[in-house]
Amino acid sequence: MHQSWIARASFWVIVFTTLALLVTGCGKMKKMVGITQEDEDEEYPAEVSQETVVIDNKTFVRSRNPYYLIYPEQPEYIYAEKGTEFEGLQVSLAKSVAKYISKEKGKAGTGIPPEKLQEMVRQEVERILREQGQGGVLYASRVKSTSPYTGRAVAVIPALSETPKGYDGINLTLANGLRAELQRQKDLTVINEEATKEALTKVTGSKLAARHNIQALGDALGVQGIIITQVIPPGTRDSSGYLVMEVYETFLGSQVKALPEASPPGALTIDAAYTAVRKDAGLLADQIRGLDWFGRIEFMKEGKVFLNVGNNSGLKPGSLLAVVQPGKEIINPQTQASLGYTADIIQGELKVTDVLGNNGAAATIVTGGPFKPNEKVKGR
């Protein structure tokens, strides 16, 4: 009996994997299902000629780009931080089915009915395709926001103080080009260059991306996300040069994503910056969309609390918001590594009374208080 349902399982895995691969494009089917020949010469574009890259003590590995064939001009391969690289459809599906079969097999005297197995595999295929942006939706971000509120604000800041002499122009081109591309996204609010320059007066120390600086910049600009651009010149760590775009969330001040674009030898130019923007703007936009939503208290007046979020977030009169503080960071005392954060600390509750435009709302205090400017609010 066990052999019978194992055979049926194998059959349906093959059938539905094949159907899913037809959705993703037959031209790459052989590579995606792992049928390769060692003597087959495979050519890769210049930006993925190295298997691994180390930047700021973080290892990036060559990975299939989940946005390839979804967004225009997306490369087939990108560098992803080790541990977050793209997992192919076959591997994901096989793991899910194997886990389910193993669980069912462990139940004494039970097997998987064919109709149940068929439905289970179909659901797995649909789920994986949705997660990888190749099913019923165009894109499913790896960064998942659980908030019902939409709209995100972002600032793009070039790390000029950390840019080697002679590469300022390329870094500015990268930042300005990315800012212009993100401004075309109707659900993103992009802070202008002048405002970001003014906010940089809040930065302390030599490292722009330090946690306290990201949080201070977020408060000064009223954004949920910041993208920092950098240029790593040829010869650094035996490389031919990189254009790096890093996404940070401003609630905790932590990095969400880093995209290093490798440059062919001798080609770290302004044109390379434009190419990087065209390739990565859509991906970065969706990283920002996926950030956890929160707003800030701007000021208090005559018993009302005024917020920096409004119509763009989908707020309505009657919406309830929690005033929160970030949880405490947990540090391993032996390794000093960060293990994450405790839950947000709720300070009180607000009720929205008026929406004042795209980026403003007034609320009354339900519980807690008094509150201060730049305290954070999240949806209840």
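Okay, let's start with the outside: the accessible surface of this protein comes to about 19400 Å², and 53% of that belongs to carbon and sulfur atoms. Those areas come from the Shrake-Rupley method with a 1.4 Å probe, and for residues only the protein chains shown count as cover.

Before going on, some ground rules. This is a predicted model, where local features need pLDDT of at least 70, side-chain atom pairs count only at pLDDT 80 or more, and totals for chains, interfaces and linings use all residues. Residues are numbered from 1 along each chain as its sequence is written, and side-chain values use heavy atoms, with hydrogens and water left out.

Now the overview. Of the 380 residues, 44% count as buried, meaning under 20% relative accessible area, with over 50% called exposed and anything in between partly exposed (1.4 Å probe, protein chains only). The secondary structure comes to 8 helices and 16 strands; those are DSSP runs numbered from the N terminus, helices being H or I with at least four residues and strands E with at least two. If you take contacts (heavy atoms within 4.5 Å) with a separation of 6 or more, 64% of them are between residues 24 or more positions apart.

Let's zoom in on helix H7, residues 211-221. Which of its residues are buried? They are Asn213, Ile214, Leu217, Gly218 and Leu221. Looking down the axis of H7, these fall within an arc of 135°, so they line one face of the helix. The arc, by the way, is that of the directions from the helix axis to the C-beta atoms. And what covers them? The list includes helix H6 and the strands E4, E6, E7 and E9. Right after H7 comes Gly222, with a positive phi, near 70°.

Strand E6, residues 225-232, deserves its own moment. 8 of its 8 residues are buried. In a regular strand the side chains alternate between the two faces of the sheet. In E6 both faces are covered: Gly225, Ile227, Thr229 and Val231 are on one side, with Ile226, Ile228, Gln230 and Ile232 on the other.

Who are the neighbours of E6? Strands pair if DSSP finds at least two bridges between them. E4 pairs with E6 in the parallel sense over 5 bridges, and Pro158 has Thr229 of E6 as its bridge partner. E7 pairs with E6 in the antiparallel sense over 8 bridges, and there Ile228 is partnered by Glu246 of E7.

Next, a barrel. 6 strands close into it in the order E9-E10-E15-E14-E11-E16, with antiparallel pairing. On average, neighbouring strands of this sheet are turned by 45° against each other, direction ignored. E9 and E16 (residues 376-379) are joined by 2 bridges, and Arg296 stands opposite Lys376 in E16.

Last stop, two helices. H5 (residues 168-182) packs on H8 (residues 270-289) at an angle of about 35°, with the axes 9 Å apart. Axes here are lines fitted to C-alpha atoms, for helices over the stretch in contact, and angles run from 0 to 180 degrees between N-to-C directions. Among the residues making that contact are Leu174, Gly177 and Leu178 of H5, and Ala273, Val277 and Ala281 of H8.

H8 also holds Gly282. Is Gly282 buried or exposed? Gly282 counts as buried because its relative accessibility is 18%. Its C-alpha atom is separated by 8.0 Å from that of Leu182, 100 residues apart along the chain.
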